Amino acid sequence: MLSEPSYLAARMVASTIEKHFEDNLATARDTGAECLATMPPLHIIEAVIDAAFWASLQKEEGHPPKISIALLHPSQARLHLKFGTPLRLTPHNLKKLAPAVERPGVHLAVWNKNDEAFIWGTSHILPGICFVLEVVEPGLMIIKHSRADGFGKFVNVAILNGDQVKFVAPQTGEMAEYPAMLSSLLGKTLPSYLSNKVNVLIELAAVMRAHGRGGIVAIVPSHSDNWRKSVVHPITYPVEPAYDAINKLMVKYELQENVTHWQDKLLQAIEIVGGFTAVDGATIINQDNELLAFGAKLTRSDDSQRIERMNVTEPVIGAEPKVLHPAQNGGTRHLAAAQFVHDQRDAIALVASQDGNFTIFAWSAKLNMVHANRIDVLLM
């Protein structure tokens with residue numbers, strides 16, 4: 001039998017997380033989704049959170065563990081590795097196995113037998129709406145799930161940092177006001193013509209956070225040069241002709257026989273663009289994901305007013321919207337991005353801070369002001 005969890009947050013959040021998975025699995029079944037995960041029992045959810053937390057505070061040969069744990073029945077696993085003898089789910093065993101599963105996309109697979117949780121192997125491919133817990137650093141864990149269709153970044157459910165817990169807010173009726181990128185990160189199914197384009201921006205955001213230098217990406221309309229009014233000239237690093245490798249790959253998507261090979265080439269092209277976001281200044285891409293310039297200095301256009309206020313939100317339960325002056329929300333990058341979107345209302349801007357914070361700036365017609373949405377809790 002499992003012992004009672006000694007990490008208090010495990011007991012506090014488990015029932016809410018159980019309800020989240022019940023609701024999402026039911027919704028996925030109602031929409032006809034197949035290959036869905038089996039709902040994990042409440043006591044196993046508690047046990048995984050508890051064991052992962054205490055494992056995160058230990059070290060193996062001087063390194064804190066980084067682990068991804070999936071609650072997965074062996075019958076649902078594809079491309080899996082199965083241990084000859086399942087191991088009890090304990091902090092010690094998680095710590096010992098961590099060095100073998102640090103690579104992205106590899107999950108320790110856990111399931112219960114006779115009310116006991118066991119680590120039975122690893123899996124590379126997960127069913128839809130599969131519970132995943134990722135140990136990021138000591139005391140910091142992300143609970144997330146795979147998407148119903150199995151494609152794209154996992155959907156974050158909760159962030160546990162020591163005794164602090166943040167639950168990602170569910171979708172609301174205001175989702176139409178948000179950029180499609182945010183809708184996708186919150187688990188909203190997008191039209192097929194949008195989903196791949198949005199996935200490009202999400203992967204680009206991940207690259208920006210990963211290089212840790214901070215950066216700005218301005219996404220502008222493809223058939224307009226109006227954005228040039230909000231950039232200092234001459235542009236330090238124009239790209240002529242525009243770098244269109246991502247766009248060419250997107251056009252060829254339907255023709256691909258080897259989707260994995262296509263995805264690898266797409267990620268490589270995104271990483272190339274993402275690398276330029278580390279250069280001081282803004283990276284400019286259009287809505288067809290073509291790189292137009294990098295290292296650009298954003299400025300207020302001559303025919304615009306200086307931005308004085310914006311709406312700031314975070315997709316976390318209990319977080320209240322705030323109307324602030326842009327200078328109260330961050331440094332010069334945030335102020336420049338807010339002014340740019342204030343001037344170019346058909347553009348959006350992505351801002352990554354060196355500390356890992358990430359914000360989407362977009363114009364809200366409903367609020368008649370710039371809307372800054374902090375989404376770092378969705379990108380972890």
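In the predicted model, the protein chain contains nine helices and 17 strands. Its radius of gyration is 22 Å, close to the 21 Å given by the globule rule for 380 residues, so the chain is as compact as a globular protein of that length. Taken along the principal axes, the box filled by the C-alpha atoms is roughly 70 × 45 × 45 Å. Buried residues make up 49% of the 380 residues. Of the contacts between residues at least 6 apart in sequence, 63% join residues at least 24 apart. The accessible surface of the chain amounts to about 18500 Å², and carbon and sulfur atoms account for 51% of this area. The chain carries 34 positive and 39 negative charges, and the mean positions of these two sets are 3 Å apart.

Helix H8 comprises twelve residues, 332-343. At 1.5 Å a residue the helix should span 16 Å, and because its end C-alpha atoms are 16 Å apart, the model agrees with this expectation. The buried residues of H8 are His334, Ala337, Ala338, Gln339, Phe340, Val341, His342 and Asp343. Their cover includes several strands: S9 (215-220) and S13 (310-313), together with S15 (348-352), S16 (358-364) and S17 (369-374).

Two of these buried helix residues, Phe340 and Asp343, are also in contact with Ser230. Ser230 is located in the loop that runs between S9 and strand S10 (237-243). Its relative accessibility is 0%, and Ser230 therefore counts as buried, the cut-off being under 20%. When neighbours within four places in sequence are left aside, the other contacts of Ser230 are with Lys297, Leu298, Thr299, Ser301 and Gln344.

A further buried position is Phe294, which belongs to strand S12 (residues 291-296). With a relative accessibility of 13%, Phe294 falls under the 20% cut-off and so counts as buried. Outside its neighbours within four places in sequence, Phe294 is in contact with Tyr237, Val239, Phe276, Val279, Ala282 and Thr283. Among these partners, Tyr237 and Val239 lie in strand S10, which covers residues 237-243. Phe294 and Lys113 are separated by 181 residues in sequence, and the distance between their C-alpha atoms is 55 Å.

Notes
Residues numbered from 1 in each chain as written. Predicted model: local features only at pLDDT ≥ 70, side-chain atom pairs only at ≥ 80, totals over all residues. Heavy atoms only, no water. Helix = DSSP H or I, 4+ residues; strand = E, 2+ residues; numbered from the N terminus. Expected span 1.5 Å × (residues − 1). Buried < 20%, exposed > 50% of the residue type's maximum accessible area, 1.4 Å probe, protein only. Contact = heavy atoms within 4.5 Å. Rg over C-alpha atoms; globule rule 2.2 N^0.38 Å. Areas by Shrake-Rupley, 256 points an atom, 1.4 Å probe, with all protein chains shown as cover. Lys, Arg positive; Asp, Glu negative; His and termini not counted. Charge placed at Lys NZ, Arg CZ, Asp CG, Glu CD.
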